[in-house]
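Here's a quick briefing on the ligand sites and the empty space in this one. Pull the structure up in your viewer and follow along.

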Amino acid sequence: MRTIRTTPQPTTAEPDTVTRVPRGRATARSLTGGDPALREAYRLCRRTTRRHDPGIHALIRLMPAVLRPAGWALWAAASVLDDLADRRDVEPAERARRVEAWTEALRRDLAAGTSTDPVRHALVDTALRWRLDLSGLRGAMIGAREDTRGRSFADWAEWREWSNEGIVPWVDQVRHLFEQVGAPMTLRLERRRDYEHFVNGAQLTDLLTDLGADLAQGLLLLPHEALDARPGAEDDLRARHWSPAVAAVVGEATALARRWLTRPAMTRGMHPGAATVLDTAARLLRAQLDAVDAAGPALLTRSPAPSLAARGRVLVPAHVRSRLAWSLTPLSVPRPLTVPRPRGPVTSREDGQGPVAEATALRPPPPHTEGVRPPRIAADRMPAHVAIIMDGNGRWAEERGLPRSEGHRAGTAAAYEMVYGALEIGLRHLTLYAFSTENWKRDGEEIKTIMEGVRREVDEGPVRELDVRQRWLGRCDRLPEDVVEAIDREERRTRSRTGLILTVCLDYGGRDEVTRAAAALARAARAGDVDPDLIGEDDFARHLPHPDMPDVDLLWRTGDEQRTSNFLPWQAAYAELYFTPHCWPDVDRRDLWQAVAEYGRRRRRFGAAPLISPRRPPEDPGVG
Ligand code: IPE
Ligand code: IPE
Ligand code: MG
């Protein structure tokens, strides 16, 4: 069963059952039962959403009735935080304190299962009812607190990172709601980039809409890259003076938002009801951009809005489509979690990571069975990223007269050992090669065992309880659908964890990855997002599935083979290579520590003549 980390665990033996909702019978009223305070709390959330953002309110109306209160609660909470962070009549430090106090109160309320504050009351009820893991919002809430100090961005890449951190976790909660009700907004992994672009487009549309109001408060959130391209634009904007430079900056930003919002493939394969919500969001936002375009100089004094007729052209057919889609879908509602009582004191994380800490503390890694303690590794001898080719499962089994599948089973324990050992020495990135694009050549039974193992470990494995952010790398179009869904879910559930970043390569091939990145870059060039004449290595790296993955420092292969078998050719271009004779199932965390110690003894040069310390690449000579 899934663990809900920010919310209390269900009382013992509570079955993880779902109730099928007869069509047309689920309403907000029936959900809030006989609790008038809760009903009033949800009503307040609905009013707040409508007042703050009529577009979002309209979109929530496209959701099935049973989900709407949850949509209002999430949006009202986001709006409250926005308001607390944005109150220009209050000092920034005080605003930051208020955001912190609100999120800290939410953490306590989640542990208690209720709240005296109506918006938090509705949000806590939503989290328990729909089994939402609100720890994913932690980063966004920390971001809201940081925003109070003011923001400035060098380029669009920095701007997008801020937008992703602030918005994606909230939208992910909505996606989780759809998943819970049985109409998933499934995003194929390769569509995730489209999804983030879409969210960036929404954020940029919002920014352009509120440009005048923000400027009145001295706030200019466009990146320098956009402003500097048009000399004089920044000064004119700050003076709220409409000039050709300002018109050009606004025109370019509007066009960019429109491109980001035009992602027709994003909703392909999604439940039609969920797809209608996203497609309608895109259409409403584009209508909003039309209003921005049409506003001209008035943009600097008021927030433009599309006409009623323009909104109607989008919303009326959307209502018809969504009603039809939901009427054809039997929805399910999970049994809500309840707060176990009595309970001990709520543990807050002590890592200063912020307020919406996980109510149940993450476990430390179990100690080595022989009590061996981890070595202390000097910071400048510690690789940032270790990648492992876990080879030799089959031979391990054959040597013992066992079927190869037994080797894969035994290999799982070794993979856990690597995670424990990595956590114990404080490694940041560990990447494991679990199944290659070439491994499909194997016998069907062997592949089945491997996939079953992956499914089992993702759903129930001990790594779920550790401070490990899990993510996957590889193709997803050939993996079993339920495996893709499970790994997608774990990726979202653990995304705000701050310990080890564990990347598991599944149906991964380096050439496949490079080819796809090249295709993504070509698409970006065709869309006008990058100039082909200016493409550099960084541009390429940005189009890899995990652009933030650092270069591999140490590439280790077990099983007595000395080749890299299509593993991370881009990231490991300058890795130290390390080969060991033992089959993978015979390896434990001490071997990882030994590998890291060996790495610490290597002298890396990166092409330069003098010997330099292992980690640091030489200074850029700054040619030119
Ligand atoms: C590595 O072990 C695991 C996978 C490729 C899935 P092998 O299965 O390749 O083991 P050997 O190399 O045949 O012994
Ligand atoms: C590499 O091992 C792939 C994984 C460990 C998942 P293989 O055993 O498949 O590689 P080759 O066939 O020896 O190159
Ligand atoms: Mg092998």
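A polar side-chain atom of S565 comes within 2.6 Å of an oxygen atom of ligand 2. Keep in mind that this is a predicted model, so every distance below is computed from predicted coordinates. Ligand 2 sits in the second largest pocket, and ligand 1 sits in the second largest pocket too.

**Ligand 2**

- Two other side chains reach oxygen atoms of this ligand: N439 has an N or O atom 2.8 Å from one, and R557 puts a polar atom 3.1 Å from one.
- On its own, ligand 2 would expose 390 Å², and the protein buries 77% of that.
- The surrounding residues are I389, M390, D391, Y433, A434, F435, N439, R442, R557, R563 and S565.
- Sorted by class, that shell has five nonpolar, two polar and four charged residues.
- Strand β4 (residues 429-436) makes the largest contribution to the shell, with three residues.

**Ligand 1**

- There are 13 residues around ligand 1, and D391, G394, R395, R404 and R442 come nearest.
- The backbone takes part here: an N or O atom of the G394 main chain is 2.9 Å from an oxygen atom of the ligand, and a backbone N or O atom of G392 is 3.3 Å from an oxygen atom of ligand 1.
- R404 joins in through its side chain, where an N or O atom lies 2.9 Å from a ligand 1 oxygen.
- Ligand 1 has 380 Å² of accessible area on its own, and the protein covers 87% of it.
- Helices α16 (393-399), α17 (404-425) and α18 (444-460) are the elements that each give two or more residues to this shell.
- The largest share comes from α16, which supplies three residues.
- By class, the shell around ligand 1 splits into three nonpolar, five polar and five charged residues.

**The pocket that holds both ligands**

- The second largest pocket contains about 930 Å³ of space.
- It is lined by 40 residues, and those closest to its centre are M390, N393, Y433, A434 and F435.
- Six elements show up with two or more lining residues: α16, α17, β4, α18, β5 (468-473) and β6 (500-508).
- The lining breaks down into 17 nonpolar, 13 polar and 10 charged residues.
- Some residues tie the pocket to the ligand 2 shell: M390, Y433, A434 and F435 are among the residues closest to the pocket centre and also surround ligand 2.
- D391 and R442 are worth a click, since both are among the residues that come nearest to ligand 1 and both also surround ligand 2.

**The enclosed cavity**

- How many cavities of 30 Å³ or more does the structure hold? There is one.
- The largest cavity has a volume of about 160 Å³.
- Its lining has 13 residues, with D133, Q173, H176, R492 and R493 closest to the centre.
- Helices α8 (156-181) and α19 (481-493) each supply at least two lining residues, and α8 gives the largest share, four residues.
- As for chemistry, this lining counts two nonpolar, three polar and eight charged residues.

Technical notes: Residues are numbered from 1 along each chain as its sequence is written. Chains are lettered from A and ligands numbered from 1 in the order in which they are written. This is a predicted model: local features need pLDDT of at least 70, side-chain atom pairs count only at pLDDT 80 or more; totals for chains, interfaces and linings use all residues. Side-chain values use heavy atoms; hydrogens and water are left out. A residue is near a molecule or strand if one of its heavy atoms lies within 4 Å of it. A polar contact is a pair of N or O atoms within 3.5 Å; within protein, one must be able to donate a hydrogen and the other to accept it, and residues adjacent in sequence count only if both atoms are side-chain atoms. Accessible areas come from the Shrake-Rupley method with a 1.4 Å probe; for residues, only the protein chains shown count as cover. On a 1 Å grid over the protein atoms alone, a cavity is a set of points where a 1.4 Å probe fits but cannot get out, and a pocket is an open set with protein on both sides within 12 Å along at least five of seven lines; lining residues have an atom within 4 Å of a point. A molecule sits in a cavity or pocket if more than half of its atoms lie within 2 Å of its grid points. Ala, Val, Leu, Ile, Met, Phe, Trp, Tyr, Cys and Pro count as nonpolar, Asp, Glu, Lys and Arg as charged, and the others, Gly among them, as polar. Grid points are joined across faces, edges and corners, and a volume is the space filled by probe spheres set on the points.
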